[in-house]
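Reader: I have a complex open and would like to talk through how its parts meet. Could you take me through it?

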Protein chains: 2
Amino acid sequence: MTIGNKLDIDQGAKIVKILGDKTRLNIVSLLMHDECCVCELVELLEMSQPSISQHVAKLKTAGIVKERRQGQWIFYRVDPDSEAFPLVESIVQHFPNQKDRIRELEVKGLRVCCD
Amino acid sequence: MTIGNKLDIDQGAKIVKILGDKTRLNIVSLLMHDECCVCELVELLEMSQPSISQHVAKLKTAGIVKERRQGQWIFYRVDPDSEAFPLVESIVQHFPNQKDRIRELEVKGLRVCCD
DNA sequence: TGCTTATATAAGTGTTTGCTTATATAATGG
DNA sequence: CCATTATATAAGCAAACACTTATATAAGCA
């Protein structure tokens, strides 16, 4: 997929296509700097659980996010070691940082914490 | 659409979606540094004229490329003044430069020139 | 074991997409 | 004015998409 530091257009277009959806772009913006589980994304994006799970599955299949199971929860985050990461990062940087959205969740007591 | 130097996610996702197609990503990579007309793109991408025209129309409607009519030909190029340009540029930079492809066209005598 | 919570997956459906073929529009040159 | 070239646009169609509802899987806990 890589030629030097360049991506192959066919494979790269698949990554761009996955990110070309407002729900997934939102999810990736959230998961770029924070780890979230599906139920948090359901709250943040106000969408059904199956819909969020399906979007996350596409991101995972594409290698954009990775998962970490902890008890009942599965936490997702953008995989910084992915070959597509530089592309993902340079797209996401054009959109507003989502830290405030996550802070709102904490304030509402909806942030999942398993320490 | 813009908040500071950041794009709105909904509008930005539309730009990313337009670029999430290998044909359009190819076209934009070609038109980032060179001007081409539809018939040149037909040669370069080996696709039908209506198909190329339809892809170019999407890019034009999104404001990603602009046109310049010269006689029978309409030359297209990426619009550097577009609000979406920084996003477009930061996506395209991850893919191979297409200057060689255009040079091949010149060698084959298929490059349109109206000087 | 059985109940609850979290998540995934499957099946169904209306919408969108990207091609095709056919035709329309526009400019050039005899 | 007519033929040619370049481009756009329309109609049709199969495939992909993003939801929905229903169900399956998996972990935690009484």
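Author: What follows goes from the contact between the protein chains to the DNA strands. This is a predicted model, in which local features need pLDDT of at least 70, side-chain atom pairs count only at pLDDT 80 or more, and totals for chains, interfaces and linings use all residues. Residues are numbered from 1 along each chain as its sequence is written, chains are lettered from A and ligands numbered from 1 in the order in which they are written, and side-chain values use heavy atoms, with hydrogens and water left out.

Reader: How many residues does each chain bring to the contact?

Author: Chain A and chain B each bring 26 residues, where contact means heavy atoms within 4.5 Å.

Reader: And what area is buried there?

Author: About 2200 Å² is buried between chain B and chain A, with carbon and sulfur atoms giving 70% of it; buried area here is the accessible area, for a 1.4 Å probe, that two parts lose on being put together, summed over both. On the side of chain B, the residues that lose the most area to chain A are B:Ile9, B:His94 and B:Phe95, together 30% of what that side buries.

Reader: What about salt bridges between the chains?

Author: There are 2 between chain B and chain A, counting a side-chain nitrogen of Lys or Arg within 4 Å of a carboxyl oxygen of Asp or Glu. B:Lys22 forms a salt bridge with A:Asp10, and their closest N and O atoms are 3.6 Å apart.

Reader: Which element gives the most to chain B's side?

Author: That is H1(B), with 7 residues; helices here are DSSP runs of H or I with at least four residues, strands are runs of E with at least two, and both are numbered from the N terminus.

Reader: How are the two copies related?

Author: Chain B superposes on chain A by a rotation of 180 degrees with 0.0 Å of shift along its axis, at an RMSD of 0.0 Å, and that is the relation of a two-fold axis. The superposition is by least squares on the C-alpha atoms of residues with pLDDT of at least 70 in both copies. Since 100% of the interface residues of chain B are also interface residues in chain A, the copies meet through the same surface.

Reader: Switching to DNA, what surrounds strand C?

Author: DNA strand C is surrounded by 25 residues, the closest being A:Cys39, A:Gln49, A:Ser53, A:Tyr76 and B:His55, where near means that a heavy atom of the residue lies within 4 Å. H4(B) supplies the largest share of that surface, 5 residues.

Reader: Which part of strand C is mostly touched, and where are the polar atoms?

Author: Sugar or phosphate accounts for 66% of the strand C atoms within 4 Å of the protein, and bases for the rest. A side-chain N or O atom of B:Lys58 is 2.9 Å from a phosphate oxygen of DNA strand C, while one in the side chain of B:Gln54 is 3.1 Å from a base oxygen of that strand.

Reader: And which residues come nearest to strand D?

Author: Of the 25 residues around DNA strand D, the nearest are A:His55, A:Lys58, B:Cys39, B:Gln49 and B:Tyr76, and sugar and phosphate make up 64% of the strand D atoms that come within 4 Å of the protein. A polar side-chain atom of B:Gln49 lies 2.7 Å from a base nitrogen of DNA strand D, and H4(A) gives the largest share of the surface near this strand, 5 residues.

Technical notes:
A polar contact is a pair of N or O atoms within 3.5 Å; within protein, one must be able to donate a hydrogen and the other to accept it, and residues adjacent in sequence count only if both atoms are side-chain atoms.
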